[in-house]
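Q: Could you take a close look at one part of the surface of this chain for me, the place where positive charge gathers, and then set it in its surroundings?

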Amino acid sequence: MGKRDNRVAYINPIAAARARGPANNAGPTIQDYLGRPRPTWEELKEQLEKKKKGSRALADFEDKMNVKWRKELAKNREKLLGGSDKDKEKDKKTTDKEKEEKKEKKEVWYLSFTSHLNDLTFLNHPHLF
């Protein structure tokens with residue numbers, strides 16, 4: 001049982017390319033690109049004016065939107081900052097109540113946690129008590 005002969009003949013890539021002949025270009029050549037029709041100076045000026053008009057319309061639209069946005073911001077600021085003193089006092093009272101409730105919750109949690117720890121220590125080490 002002999003091994004297969006897997007040798008491959010060497011093919012010179014340059015000679016193979018020459019044998020295939022000249023390459024076919026799918027796209028335009030450089031001469032086609034240089035010989036393309038170009039707009040005249042007047043046509044170019046017209047195109048530039050059209051671009052400017054388009055950008056002016058966009059700028060006007062953006063300015064209008066900015067004005068609307070500023071008005072909306074001013075309204076919201078008045079709502080937030082222009083509230084009456086009663087509202088501020090109510091908010092202050094509610095925040096004080098919330099703080100007290102949080103303190104109570106923390107104390108209850110701490111007490112339950114420490115009692116749980118004491119129970120665990122007693123169960124695991126009854127000889128200490």
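A: Happy to. On the surface of this predicted model, a patch of positive charge brings together Lys 64, Lys 68, Lys 71, Lys 75 and Lys 79. Take Lys 68 as a way in: this lysine sits in helix H3, which runs over residues 41-81. With a relative accessible area of 53%, Lys 68 passes the cut-off of over 50% and is therefore classed as exposed.

Now for the surroundings of that patch. The chain is built from four helices, with zero strands, so to speak a plain α-α-α-α order when read from the N terminus. Buried residues account for 0% of its 129 residues. The exposed area comes to about 13900 Å², and 57% of this is supplied by carbon and sulfur atoms.

The opposite charge has a patch as well. Asp 96, Glu 98, Glu 100, Glu 101, Glu 104 and Glu 107 form a negative patch on the surface. One of these residues, Glu 107, belongs to helix H4, residues 85-124.

There is also a patch without charge to look at. Ile 30, Tyr 33 and Leu 34 make a nonpolar patch of about 370 Å² on the surface. Ile 30 is part of helix H2, which spans residues 30-34. Its relative accessibility is 66%, and because the cut-off for exposed is over 50%, Ile 30 counts as exposed.

That leaves helix H1, which covers residues 13-20 and is hardly covered itself: among its eight residues, the count of buried ones is zero. Both sides of this helix have a detail worth finding on your screen. At the N-terminal end of H1, Asn 12 acts as a cap, with a side-chain oxygen 3.2 Å from the backbone nitrogen of Ile 14. After H1 comes Gly 21, which has a positive phi, near 95 degrees.

To return to your request, the lysines to select are Lys 64, Lys 68, Lys 71, Lys 75 and Lys 79, and Lys 68 in helix H3 is a handy place to start.

Terms used:
Residues numbered from 1 in each chain as written. Predicted model: local features only at pLDDT ≥ 70, side-chain atom pairs only at ≥ 80, totals over all residues. Heavy atoms only, no water. Patch = residues over 30% accessible without salt bridge, like charges linked within 9 Å, V, L, I, M, F, W, Y side chains within 5 Å. Areas by Shrake-Rupley, 256 points an atom, 1.4 Å probe, with all protein chains shown as cover. Salt bridge = Lys/Arg side-chain N within 4 Å of Asp/Glu carboxyl O. Helix = DSSP H or I, 4+ residues; strand = E, 2+ residues; numbered from the N terminus. Buried < 20%, exposed > 50% of the residue type's maximum accessible area, 1.4 Å probe, protein only. Lys, Arg positive; Asp, Glu negative; His and termini not counted. Charge placed at Lys NZ, Arg CZ, Asp CG, Glu CD. Polar contact = N/O pair within 3.5 Å; in protein donor to acceptor, adjacent residues only side chain to side chain.
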